[in-house]
Structures are given as structure tokens and as C-alpha cells.
Amino acid sequence: MAVPLEASMTAPLPTLERLPRGALTLFRIRALLRMAIFGAIAFAVALGLNFAGNEHWPFLLPCAVVLGLSVLTAWYPQRAHERWGWALREHDLVISHGVLLHEVVSIPAGRIQHVDVHQGPIERSLGLARLQIYTAAGSGADGEIPGLTRETADALRERLVRREADDVV
């Protein structure tokens, strides 16, 4: 029996597993890297404007960009860490995240094609991993959970792969 759309939209989220504390460090490092890149770009643009004949105001641009990014770097990672969660239910995997726009994704177990665990250099140094879930309909990863401990990511991958094999047989 199908559940009416209105009823499904008001249904409460399942109890979500939260990311480990190390994920907050990962989010902060990523924010600092973004701040450095965008700050350098703003400084280069200001330098170009200065050489183009403008007097002093172009250097307000990188100051404003760095100030704005500093505020975001202090606030955003903590909030993003609080909003990330996941739940492995009987028939699907639910992933919830988003700071400004909250997104809840439900990936049906029967649609999962394969699951990958990735570690970049920062994640590896923190002992963390990123789980990526691919479905039959997707051209890329349809779901991703960053900042999991490597053990949790491997265990979750095994559970999802085992479930996929059980559905096929």
C-alpha cells in the first residue's frame, strides 16, 4: 500500500548516526583551504586592478573576502558537522545533511550497484574515510558520507554490499 505524499513528508526522520568528532577537524581543514584559495584569488584580482590604474580601493576586496570567509570558516564547519547524519534501515540508507539547505536522501537497498570507500591525504592523516554509494540510475555517486572512521566506513560498505548480494539471490 502506498503512503500518501503528505503523510510521507511529515514522517519523522529515523534516529541518525552522527559523524565522529574527527569529521569536524576535516570540515575545518577544508574550510581553511577554501579560504586560502579564494583569498589568494581575491588578492590577485586586487593586484590586477591596482596595476590597471585604480588607486587604493582594490585592496579592500581581498580584505572583505578574507573577513567574510573567516566568519564562514568559524561558523560553517561546526554547523555542517551537527547536520550530517545517516541511518541504515531495513530497506534503505538515509543520509541527512545541509546547513543552508537541508537535504534528506533515501537510497533504496535494491538500487545500490556498488559502494566505495575513499581516503584523500587529509582524511588518511585523520584516520577518516568517505563512503560513496552508486545506484543503477546515477551517473556519479548518488550518496556520500564524509568523515567516517575507516572502520565504520568499511563495516558499512560490507553491510551494504552483503545486502545487495542478498537481494540478487
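**Exercise 1. Work out the overall make-up of the protein: how many helices and strands does the secondary structure come to, and in what pattern along the sequence?**

Start by counting elements in this predicted model. You should get five helices and seven strands. Now read along the sequence and jot down each element as you meet it: the pattern is α-β-α-α-β-β-β-β-α-β-β-α.

**Exercise 2. Find what percentage of the residues count as buried, and what share of the accessible surface belongs to carbon and sulfur atoms.**

Take burial to mean under 20% relative accessible area. With that cut-off, 32% of the 169 residues are buried. Then turn to the surface: it comes to about 10400 Å², and carbon and sulfur atoms hold 62% of that.

**Exercise 3. Decide which strands pair with S6, and how they run.**

Look at S5 (residues 112-118) to begin with: six bridges join S5 to S6, and the two run antiparallel. For a concrete pair, find His118, which sits opposite Arg130 of S6. Next, go to S7 (residues 143-149), which is joined to S6 by five bridges, again antiparallel. Here Leu128 has Thr149 of S7 as its bridge partner.

**Exercise 4. Explain why strand S6 is largely enclosed by the rest of the structure.**

Sort the side chains by direction. Leu128, Arg130, Gln132 and Tyr134 point one way, while Ala129, Leu131, Ile133 and Thr135 point the other way. Check burial on each side: they're all buried. That makes eight of the eight residues in S6 (residues 128-135) buried, so the strand is largely enclosed by the rest of the structure.

Terms used: Residues are numbered from 1 along each chain as its sequence is written. This is a predicted model: local features need pLDDT of at least 70, side-chain atom pairs count only at pLDDT 80 or more; totals for chains, interfaces and linings use all residues. Side-chain values use heavy atoms; hydrogens and water are left out. Buried means under 20% relative accessible area, exposed over 50%, partly exposed in between (1.4 Å probe, protein chains only). Helices (H or I, at least four residues) and strands (E, at least two) are DSSP runs, numbered from the N terminus. Two strands pair if DSSP finds at least two bridges between them. Accessible areas come from the Shrake-Rupley method with a 1.4 Å probe; for residues, only the protein chains shown count as cover.
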